[in-house]
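Visitor: I would like a close look at one part of this chain, with its surroundings described as you go. Please take the surface first and then move outward from there.

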Amino acid sequence: PPADSPDDGEQDGFVMVEKEDVIDALASFIAVYIAAHPRASSMPPAQLQKALGAAFGELRASGGPKGKVRKVWDWGVGVYRGVAWTYGTVATFSNPWVARLLLAAVYTSARITCGII
């Protein structure tokens, strides 16, 4: 293979990561974070496990009352989607030809739907 093309699965700047690697990285991050936390390092293992279970359970809750962390997460997702839609709209309508094409397509599809044509 050429010198500038990597052999380790990296193509076009992307690297494939296995699920097990992600789980290991998250477990390592959580362990280091807990070990550095003063209150967590002095907790007995059973109490620490209960606290972690409650925190992860709050994140995974799909039905019923949502905790503060889940509410903040959902709010952040909503803000991200709003910003993405706004950016997409501004980017589309900044080019007059694309804006004209898009508006003509919407107008024509509306006329077809209403049976005016």
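Guide: In this predicted model, V15, V17, V22 and L26 make up a nonpolar patch on the surface, and together they have about 350 Å² of accessible area. One of these residues, V22, sits in helix α1. V22 has a relative accessible area of 41% and is therefore partly exposed, because the partly exposed class lies between the 20% and 50% limits. That value also satisfies the patch criterion, which asks for over 30% relative accessible area.

A second patch, this one charged, is formed by E18, E20, D21 and D24, and its sign is negative. Among its members, E18 belongs to the segment before α1, the helix that covers 19-36.

Helix α1 also holds an aromatic contact. Searching the whole structure turns up one aromatic pair. The pair consists of F29 and Y33, with 6.2 Å centre to centre and 20° between the planes, and it is stacked. The label follows from the angle, because planes under 30 degrees apart count as stacked. The spacing in sequence fits the helix: F29 and Y33 are four residues apart in α1, so about one helical turn separates them. F29 is exposed, since its relative accessible area is 55%. Y33 is exposed as well, with 55% relative accessibility; the class begins over 50%.

For context, the protein chain as a whole has five helices and zero strands. Read from the N terminus, the order of elements is α-α-α-α-α. Of the 117 residues in the protein chain, 6% are buried. The protein chain exposes about 10,400 Å², and carbon and sulfur atoms supply 66% of that area.

At another place in the chain, L102 lies in helix α5, which comprises residues 96-114. L102 has 36% relative accessibility and so counts as partly exposed. Its C-alpha is 8.7 Å from that of T92, and the two residues are ten apart in sequence.

To return to the starting point, the nonpolar patch includes V22, a residue of helix α1, and the stacked pair of F29 and Y33 is placed in helix α1 too.

Notes
Residues numbered from 1 in each chain as written. Predicted model: local features only at pLDDT ≥ 70, side-chain atom pairs only at ≥ 80, totals over all residues. Heavy atoms only, no water. Patch = residues over 30% accessible without salt bridge, like charges linked within 9 Å, V, L, I, M, F, W, Y side chains within 5 Å. Areas by Shrake-Rupley, 256 points an atom, 1.4 Å probe, with all protein chains shown as cover. Salt bridge = Lys/Arg side-chain N within 4 Å of Asp/Glu carboxyl O. Lys, Arg positive; Asp, Glu negative; His and termini not counted. Charge placed at Lys NZ, Arg CZ, Asp CG, Glu CD. Helix = DSSP H or I, 4+ residues; strand = E, 2+ residues; numbered from the N terminus. Buried < 20%, exposed > 50% of the residue type's maximum accessible area, 1.4 Å probe, protein only. Phe/Tyr/Trp six-rings, centres within 6.5 Å; stacked < 30°, edge-to-face > 60°.
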